[in-house]
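Welcome, and please have your viewer ready. We will walk through a handful of selections, one stop after another.

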Amino acid sequence: MVRRMRGMLASVLCRLVAIGVVWLAATEASMAALGYGAVAVPIVVAATYALTGMPRRRGGMIDAVRGAAWSLELAAWVVGRSIVGGLDVARRAIWLPHVDVAPEWMTHTTTLETPTARAALALVANLMPGSLTASIDGRHVAVHAISPAVDVAAALTSLERRIARIERAWSARGVGGTRV
């Protein structure tokens, strides 16, 4: 019983830290937003348990820390891609004498196992400039790209690999069943 309580506490703390970091990044650590964050972050943590279930960890603290570290690595990767991609999109939009944009549709077939992980792929892909996820149909994700020159397929594959690593750390060890 004590081990389960420690596991639950570790799970709550990891989620509080991860979501708190996302909140700080999203609000640019604005002092005016800290009061809202003090309320919003615990509510979001509670919502994650409502969506994923309570942890049934058998892997221990190492897997929890590893999953949290990979989540933070994913967040850093998305921020980096957003900055580089944002500069590229801005360049394409204002390139004179003509705009360097040639929108196209593509379909990405994902290997992610769970619907939750596939939804995470589609949602996080929307944060990468130059691409917008339009729909998910099973393992197929329809994506609108700003130009064929933007390697959306490679970005989605890289993103998918990161999400799969987090999914393995938090799902395969019994956290919330088979959901991320």
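**Stop 1: a nonpolar patch**

Select Val79, Ile83, Val84 and Leu87, which make a nonpolar surface patch of about 410 Å². Patches are built from residues with over 30% relative accessible area and no salt bridge, with like charges joined within 9 Å and nonpolar side chains (Val, Leu, Ile, Met, Phe, Trp, Tyr) within 5 Å. The accessible areas come from the Shrake-Rupley method with a 1.4 Å probe, and for residues only the protein chains shown count as cover.

Now click on Leu87, which sits in helix α3 (residues 61-94). Is Leu87 buried or exposed? Leu87 is exposed, at a relative accessible area of 61%. Here buried means under 20% relative accessible area, exposed means over 50%, and partly exposed lies in between (1.4 Å probe, protein chains only).

Before moving on, please note that this is a predicted model, in which local features need pLDDT of at least 70, side-chain atom pairs count only at pLDDT 80 or more, and totals for chains, interfaces and linings use all residues. Residues are numbered from 1 along each chain as its sequence is written, and side-chain values use heavy atoms, with hydrogens and water left out.

**Stop 2: the whole fold**

Zoom out and switch to a cartoon view. The protein has five helices and three strands, and along the sequence they follow the pattern α-α-α-β-α-β-β-α. These elements are DSSP runs numbered from the N terminus: helices are H or I with at least four residues, strands E with at least two. Of the 180 residues, 36% count as buried.

**Stop 3: a salt-bridge network**

Next, display the charged side chains. How many salt bridges does the structure hold? It holds three, a salt bridge being a side-chain nitrogen of Lys or Arg within 4 Å of a carboxyl oxygen of Asp or Glu.

Begin with Arg162 and Glu73, whose side chains meet in a salt bridge at 3.0 Å, N to O. Arg162 belongs to helix α5 (residues 152-171) and Glu73 to helix α3, so this pair ties together parts that are 89 residues apart in sequence. Add Arg165 to the selection: the side chains of Glu73 and Arg165 also meet in a salt bridge, at 2.8 Å, N to O. This second pair links distant parts of the chain, Glu73 in helix α3 and Arg165 in helix α5, 92 residues apart.

Try a surface view of these residues. Arg162 is buried, with a relative accessible area of 14%. Glu73 is partly exposed at 28%, and Arg165 is partly exposed at 24%.

**Stop 4: a bridge between loops**

Now select Arg139 and Glu113, which form a salt bridge with their closest N and O atoms 3.5 Å apart. Arg139 is in the loop between β2 (131-137) and β3 (140-145), while Glu113 is in the loop between β1 (104-109) and α4 (115-125), so to speak a link between distant parts of the chain, 26 residues apart. Arg139 is partly exposed at 31% relative accessible area, whereas Glu113 is exposed at 55%. Looking back at the previous stop, salt bridges that share partners join Glu73, Arg162 and Arg165 into one network.

**Stop 5: the cavity**

Select Arg81, Met128, Pro129, Gly130, Ser131, Val150, Val152 and Ala155, which line the largest cavity. The structure holds one cavity of 30 Å³ or more, and the largest has a volume of about 40 Å³. A cavity is a set of points, on a 1 Å grid over the protein atoms alone, where a 1.4 Å probe fits but cannot get out; lining residues have an atom within 4 Å of a point. By class, this lining has five nonpolar, two polar and one charged residues.

Keep Ala155 selected and add Ala125, found in helix α4. Their C-alpha atoms are 8.4 Å apart in space, with the two positions 30 residues apart in sequence numbering. Ala125 is buried, at 2% relative accessibility.

**Stop 6: two positive phi angles**

Finish at Glu28, in the loop between α1 (2-26) and α2 (31-52). Glu28 has a positive phi of about 55° although it is not a glycine, and it is exposed at 73% relative accessibility. Ala29 is found in that loop between α1 and α2 too. The phi of Ala29 is near 50°, again positive in a residue other than glycine, and Ala29 is partly exposed at 45%.

Key
1 Å grid on protein atoms, 1.4 Å probe; cavity = no way out; pocket = protein on both sides within 12 Å on 5 of 7 lines; lining within 4 Å. Points joined across faces, edges and corners; volume = space filled by probe spheres on them. Nonpolar A, V, L, I, M, F, W, Y, C, P; charged D, E, K, R; others polar.
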